[in-house]
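Let's take a friendly walk through a protein model, one small group of residues at a time. Keep the picture beside you as you read.

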Amino acid sequence: MQSDGVDQIIEILRDDPSSIAAKSLIALSDPDRQATERLISALRAVDFEYRRSITQQLVELAEENLDYSFDRIFGALIDDEDEEVREAAITGLWECEERGIIEPLLGRLQTDSDDRVRAAAAQALGRFAMRAELGELLERDSARVREGLLDVIRNEQEPSFEVRRRVIEAVSAFTSEEVRELILETYDSANDVLRASALFAMGQNADATWLPYIREELESESPEVRFEAAGAAGRMSDERLIPALARMADEENSEVQDAVVTALSAIGGPVAQRVLRRFLQHSDEHYRELALDALESMQSFAENADLLRRASRDGADADGDALSPDDDVFERYDDDLGIDEELDDDPYDDEL
């Protein structure tokens, strides 16, 4: 990154910050340390509305194009005096893996005055928790992340509902009895939002003992719970959950439909592919399109894209052959699946 591009933005900030176009902010990608310091100094001299707008635009640019990197800028804005800027800056660090950001994130989680900022920090730390469990962090960093998250939950005076649930989601990557008990406690809540967080946590935790819980909640009355249960099923990648996902062919919520197909694609294998092929004959166009995209993304079906498209069109046009919400969906799949619906020998099955 050439520092003159940053200096041009700085000049605009000083003259008329309202005239900055989103496209021109591309020049701020990957600035060196000195250029970043000059830019942050200029940003802090303008009204907070402009800092909010510019920070959010940088977040959107980074999401749209992975070649752009504003991590150094976001890292500096974590300490901004405006809470919306701090929250956006943390969100913008979604791809940052630098260990140097761990302490600033823990600081925001533990001391920030705004609960939205703290919740965003917890979510960002969840990525480091996953890396820690995979052995990709130094032991001292892993311990700092784990204890920093658990300290928030151990604090019985923690007033924020949103912070607590985001911390539970984040810490779930760690394998310990304390984490397991936290997930179970959250799951036992009568609140659907907390139960959804518990299901997300189960998927992150990836312990096979969670399979019965996930299977049951795929039939929940709450769309939010079904969505997270399907997401957890995909992260678990266990073929024993395919029959329950197959029965969700009568799902009407488009976001849950997306989660179901994504889960089947993540689990993969011939059984999941057979279910997705049956979805190509679904009466719901959204389901057909999702299934088609999923199948085309699987390597074994890449050469058959045209065939799959024809099958999708034929299924939509066929009289009496399309799946409808009134069908006994699993019965239609029974012969094709060839696997047992039950989770045999599961020590936790009796708890359901």
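## A patch of negative charge

At 49% relative accessibility, Glu-177 counts as partly exposed, because that class covers values between the buried limit of 20% and the exposed limit of 50%. Please keep in mind that what you are looking at is a predicted model. You can find Glu-177 in helix α10, which covers residues 177-187.

Glu-177 also has company on the surface. Together with Glu-181, Glu-185 and Asp-188, Glu-177 makes up a patch of negative charge there.

## Salt bridges

Now for charges that attract partners. Side chains of opposite charge can pair when their charged atoms come close. How many salt bridges does a search of the whole structure find? The search turns up 26 salt bridges, and we can visit a few of them.

Start with Asp-7 and Arg-38, a salt bridge whose closest N and O atoms are 3.2 Å apart. Asp-7 belongs to helix α1 and Arg-38 to helix α2, so this pair ties together parts that are 31 residues apart in sequence. Asp-7 has a relative accessible area of 31% and is partly exposed. Arg-38, at 32% relative accessibility, counts as partly exposed too.

## A network and another pair

Some salt bridges join up. Arg-146, Glu-147, Asp-151, Arg-154 and Glu-178 are linked in a network of salt bridges. Within this group, Glu-147 forms a salt bridge with Arg-154, and the closest N and O atoms of the two are 2.9 Å apart. Are these partners buried or partly exposed? Glu-147 is partly exposed, with a relative accessible area of 31%, and Arg-154 is partly exposed with a value of 39%.

Next, look at Arg-240 and Asp-238. Their salt bridge has its closest N and O atoms 2.9 Å apart. Here the two partners fall into separate classes: Arg-240 is partly exposed at 32% relative accessibility, whereas Asp-238 is buried at 15%. Asp-238 is called buried because its value is under the 20% cut-off for that class.

## Aromatic rings

Let's turn from charges to rings. The count for this model comes to 5 aromatic pairs. In one of them, the ring centres of Tyr-68 and Phe-70 are 6.4 Å apart and the ring planes meet at 45°, so the pair is tilted. The reasoning is simple: planes under 30 degrees apart would be stacked and those over 60 edge-to-face, so an angle in between is called tilted.

Which residues form one aromatic cluster with Tyr-68? They are Phe-70 and Phe-74. Within that cluster, Tyr-68 is partly exposed, with a relative accessible area of 22%, while Phe-70 is buried, at 1% relative accessibility.

## Positive phi angles in two loops

The backbone has points of interest as well. Asp-30 has a phi near 55°, a positive value in a residue other than glycine. Where does Asp-30 lie? Look in the loop between α1 (3-15) and α2 (33-43). Asp-30 is partly exposed there, with a relative accessible area of 48%.

Ala-206 has a positive phi as well, of about 60°, although it is not a glycine. Its place is the loop between α11 (192-205) and α12 (211-217). With 45% relative accessibility, Ala-206 counts as partly exposed.

## Separated in sequence, compared in space

To finish, try tracing some pairs along the chain and then across the model. Gly-268 is found in the loop between α15 (254-267) and α16 (269-279), and at 11% relative accessibility Gly-268 counts as buried. Gly-268 and Ala-294 are 26 residues apart in sequence, and from C-alpha to C-alpha they are 9.9 Å apart in space.

The other pair begins with Pro-243, placed in helix α14, residues 242-246. Pro-243 is buried, with a relative accessible area of 0%. Between Pro-243 and Val-271 there are 9.4 Å in space, C-alpha to C-alpha, and the two are 28 residues apart in sequence.

Notes:
Residues numbered from 1 in each chain as written. Predicted model: local features only at pLDDT ≥ 70, side-chain atom pairs only at ≥ 80, totals over all residues. Heavy atoms only, no water. Patch = residues over 30% accessible without salt bridge, like charges linked within 9 Å, V, L, I, M, F, W, Y side chains within 5 Å. Areas by Shrake-Rupley, 256 points an atom, 1.4 Å probe, with all protein chains shown as cover. Salt bridge = Lys/Arg side-chain N within 4 Å of Asp/Glu carboxyl O. Lys, Arg positive; Asp, Glu negative; His and termini not counted. Charge placed at Lys NZ, Arg CZ, Asp CG, Glu CD. Helix = DSSP H or I, 4+ residues; strand = E, 2+ residues; numbered from the N terminus. Buried < 20%, exposed > 50% of the residue type's maximum accessible area, 1.4 Å probe, protein only. Phe/Tyr/Trp six-rings, centres within 6.5 Å; stacked < 30°, edge-to-face > 60°.
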